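Biologist: Hey, can you walk me through this one? I'd like to start with what sits inside.

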Amino acid sequence: MDAREAALLALNDCQRQGGWSDAILKKRLASAGLDSRDGALATQLCFGVLQNRLLLDFYLSHFSNLPLKRMEGRVVEALRLGAYQMLFLDKIPHSAAVNASVELTRKHCKNPRAAGMVNGILRSLERSLNNLPTIPQTDPVSYLSTLYSHPEWLVRELLAALGREETAKLLAANNGQAPITAMVNRTQTTVQGLIQSLEGEGVQARPHPWLADCLILEKTGKLERLTAFQKGLFYIQDPASRLAVGALSAGPGMRVLDCCAAPGGKSFACAIQMEDRGTVIACDLHPHKKKLIQAGADRLGLRNIVPMTADGKIFREEWENSFDRVLVDAPCSGLGVIRKKPDIRYKDPEPLAGLPQVQRAILDNAARYVKPGGVLVYSTCTLLRRENEDVVLSFLSGHPDFKLEGFRLPEYVGDVKSGMLTLWPHRQGTDGFFISKLRKEG
């Protein structure tokens, strides 16, 4: 199995199973046994098709007499793969892209005439690359949706919040590649010590431009093979998540609750910020996540993390008024991490309508665990106001003993005097993220 075949099968799995592309692709790459170079190409092809699916379909539809929705799923994915390579990848000859898609169709599709159809459509596209069909611009929602391959409902919401120019910048950023950012485990090493260790294994590492104890990594290969990873000298986390922990301002000796902790990154950041002194209770609803968090804490050598299985909506009497700091990184629509999970944009929006009620229920419950004078931080990795500011304002209307409190962040981001902050991929270069800091009176 080569890179293109792995990408085709992963894309087909995403469509048929409805799973997350990163997890599905990881399984396909593992079963295919591809080397790092072919694995990187398969990842680029899979993510590239997902990031540009609506645009690819717009062009392909102009060269096909048969609607794409009437074709076999693997035929459509073979067409998208070929079109993506011709439209977006300069180093792959067009003939190689077409021939590979034709062969994949012949190998994996039931209709014996499908390979000829794929060849015809992609050859027609190739002949028209310098004179592609124009996307109508009369409707900005439809235009931006097609050009950047985001659903119209999401484009409509973003236009209302940001305006046309900024929405276009955000959508373009969503189709970019997020950098790999590693947080230095200060309980085990220093920034320079980690850089030396990584560079000794061929990894390119440089300090993040505005976040301390953070490195941007390139040419990592499989992270798990690195000695620095195995020794627990770093963990992977987006800067936005680290900023949420910064707003929490947990210190050595404190008692901290992370209500929705898996896979554990914010708990790890808290423990390191606390110099591994005090206690971090790291909870998740799913029992298997407890083992995941514990494994991460063990690798990092963090002894003050206590993983637990707990439902954030269900009150535990023994925790009432007992935590100095409580973090609620709530379940959300995830629309701030489209760069890393490009297929999130295509999920059915209907189930998202009930999320604010779930988020508010968790926040209401978590508030009971905060000591008088303690801090509650609410965060999400989405950009929708109804899951962010609206949840916090609704919570405050029912909890007069809590008040918004400003917090300090690195100079590049600036002080947050209002107590609420949204981070945007096209502005800060981070995941899309919301952070709110609340202080309990007393």
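Modeller: Sure. The largest nonpolar core has 64 residues, and those with the most contacts inside it are Cys46, Leu60, Leu79, Leu81, Leu122, Leu125 and Leu144. A nonpolar core here is a set of buried Ala, Val, Leu, Ile, Met, Phe, Trp, Tyr and Cys residues joined through side-chain atoms within 4.5 Å. Buried means under 20% relative accessible area, exposed is over 50%, and partly exposed is in between (1.4 Å probe, protein chains only).

Biologist: Before we go on, where do these values come from?

Modeller: This is a predicted model, where local features need pLDDT of at least 70 and side-chain atom pairs count only at pLDDT 80 or more, while totals for chains, interfaces and linings use all residues. Residues are numbered from 1 along each chain as its sequence is written, and side-chain values use heavy atoms, with hydrogens and water left out.

Biologist: Okay, back to the largest core. Which helix gives the most to it?

Modeller: Helix α5, residues 73-88, with 8 residues. Helices (H or I, at least four residues) and strands (E, at least two) are DSSP runs, numbered from the N terminus.

Biologist: And what is leucine 79 in contact with?

Modeller: Leaving aside neighbours within four places in sequence, leucine 79 touches Leu60, Leu68, Met71, Val118, Ile121 and Leu122. Contact means heavy atoms within 4.5 Å. There's also a second, separate core of 38 residues, which includes Ala240, Val256, Leu302 and Ile435.

Biologist: Let's switch to helix packing. What's the angle between α2 and α3?

Modeller: About 150 degrees, with the axes of α2 (residues 21-32) and α3 (residues 36-51) 11 Å apart. Axes are lines fitted to C-alpha atoms, for helices over the stretch in contact, and angles run from 0 to 180 degrees between N-to-C directions. So α2 and α3 are roughly antiparallel to each other. As for the cut-offs, under 35 degrees is roughly parallel, over 145 roughly antiparallel, 65 to 115 roughly perpendicular, and the rest oblique.

Biologist: Which residues in α2 and α3 meet?

Modeller: From α2 it's Ser21, Asp22, Leu25 and Leu29, and from α3 it's Gly39, Ala42, Thr43, Cys46, Phe47 and Leu50.

Biologist: How do α4 and α5 cross?

Modeller: Their axes come within 10 Å and cross at roughly 95 degrees, with α4 covering residues 53-62. That makes α4 roughly perpendicular to α5. Among the residues that meet are Leu56 and Leu60 in α4, and Leu79 and Ala83 in α5.

Biologist: And α10, which residues are buried there?

Modeller: In α10 (residues 164-174), the buried ones are Thr167, Ala168, Leu170, Leu171, Ala173 and Asn174. They pack against α3, α8 (140-148), α9 (152-162) and α18 (425-428).

Biologist: Now for backbone oddities. Where is the cis peptide bond?

Modeller: The cis bond joins alanine 262 and proline 263, with omega about 5 degrees. Proline 263 is in the loop between β5 (255-258) and α14 (265-273). Most residues other than glycine have a negative phi, and most peptide bonds are trans.

Biologist: What about phi for aspartate 276?

Modeller: Positive, about 60 degrees, although aspartate 276 is not a glycine. Aspartate 276 lies in the loop between α14 and β6 (279-284), and at 12% relative accessibility it counts as buried.

Biologist: And what's the phi of asparagine 321?

Modeller: Asparagine 321 also has a positive phi, about 55 degrees. Asparagine 321 sits in the loop between β7 (305-309) and β8 (323-329), and is partly exposed, with a relative accessible area of 36%.
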